[in-house]
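Biologist: I am new to this structure and would like a close look at a single part of it. Please keep the account plain and give the cut-offs as you go.

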Amino acid sequence: PGGASPEQRHTERMVDIAQVLSMLAPQPEGVQGLTSAEGGGVHWTAAAAGNSRSQHSQNPSVASELLVSSALRMQWPRDRRRVGTADASATCREAAEALQEAATQLLNAVSTLDSVA
């Protein structure tokens with residue numbers, strides 16, 4: 001984190017890419033999110049009442065999982081296995097933007113193909 005003080009960096013939760021990717025998979029009922037774990041890591045916590053993920057959420061397709069994993073791996077800092085949650089969030093945002101750009105390009109191709117069909 002660029003402007004974070006040494007104290008802020010020390011207290012920031014750290015995650016690795018596997019933990020971030022595991023957030024994409026549907027979690028068991030009653031799982032809410034991440035909290036601090038011993039040693040500065042994070043782990044899944046039980047959901048507060050009425051705050052759990054929808055039981056009707058759809059599982060991502062294999063193609064979607066591969067695209068997301070690839071986009072995230074392309075953006076993840078190569079020199080660090082674990083990053084703070086703020087950096088992980090920014091990295092996820094960059095990966096999402098890359099996927100949105102790719103989707104826009106594909107949809108433009110669809111429009112072009114449909115117009116000549």
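Which residues make up the largest nonpolar core?

Modeller: Some ground rules come before the core. This is a predicted model, in which local features need pLDDT of at least 70 and side-chain atom pairs count only at pLDDT 80 or more, while totals for chains, interfaces and linings use all residues. Residues are numbered from 1 along each chain as its sequence is written, and side-chain values use heavy atoms, with hydrogens and water left out.

The chain has four helices and four strands, where helices (H or I, at least four residues) and strands (E, at least two) are DSSP runs numbered from the N terminus. Along the sequence they follow the pattern α-β-α-β-β-α-β-α. Of the 117 residues, 21% count as buried; buried means under 20% relative accessible area, exposed over 50%, and partly exposed in between, with a 1.4 Å probe and protein chains only.

The largest nonpolar core has 10 residues: Val15, Ile17, Val20, Leu21, Ala71, Leu72, Trp76, Val83, Ala88 and Ala95. Helix 2 (17-24), helix 3 (62-75) and helix 4 (85-116) each supply at least two residues of this core, and helix 2 gives the most, with three. A nonpolar core here is a set of buried Ala, Val, Leu, Ile, Met, Phe, Trp, Tyr and Cys residues joined through side-chain atoms within 4.5 Å. In soluble globular proteins, nonpolar side chains tend to be buried together.

Next, the helices around the core. Helix 2 and helix 3 pack at an angle of about 150°, with their axes 11 Å apart. Axes are lines fitted to C-alpha atoms, for helices over the stretch in contact, and angles run from 0 to 180 degrees between N-to-C directions. Helix 2 and helix 3 are therefore roughly antiparallel; angles under 35 degrees count as roughly parallel, over 145 as roughly antiparallel, 65 to 115 as roughly perpendicular, and the rest as oblique. On the helix 2 side the contact is made by Ile17, Val20, Leu21 and Leu24, and on the helix 3 side by Val68, Ser69, Leu72 and Arg73. Contact means heavy atoms within 4.5 Å.

The axes of helix 3 and helix 4 come within 8 Å and cross at roughly 125°. These two helices are therefore oblique to each other. Helix 3 contributes Leu67, Val68, Ala71, Leu72 and Gln75 to their contact, and helix 4 contributes Thr91, Cys92, Glu94, Ala95, Ala98 and Leu99. Alanine 95, one of the core residues, touches Ala71, Leu72 and Gln75, not counting residues up to four places away in sequence.

Two further residues complete the picture. Arginine 73 lies in helix 3 and, at 47% relative accessibility, counts as partly exposed. Leaving out residues up to four places away in sequence, arginine 73 touches Ile17, Leu21 and Arg78; Ile17 and Leu21 belong to the core. Arginine 73 and threonine 91 are 18 residues apart in sequence and 9.3 Å apart in space, C-alpha to C-alpha.

Glycine 84 lies in strand 4 (residues 82-84) and counts as buried because its relative accessibility is 3%. Apart from neighbours within four places in sequence, glycine 84 is in contact with Glu12, Arg13 and Met14. Glycine 84 and aspartate 16 are 68 residues apart in sequence and 8.7 Å apart in space, C-alpha to C-alpha.
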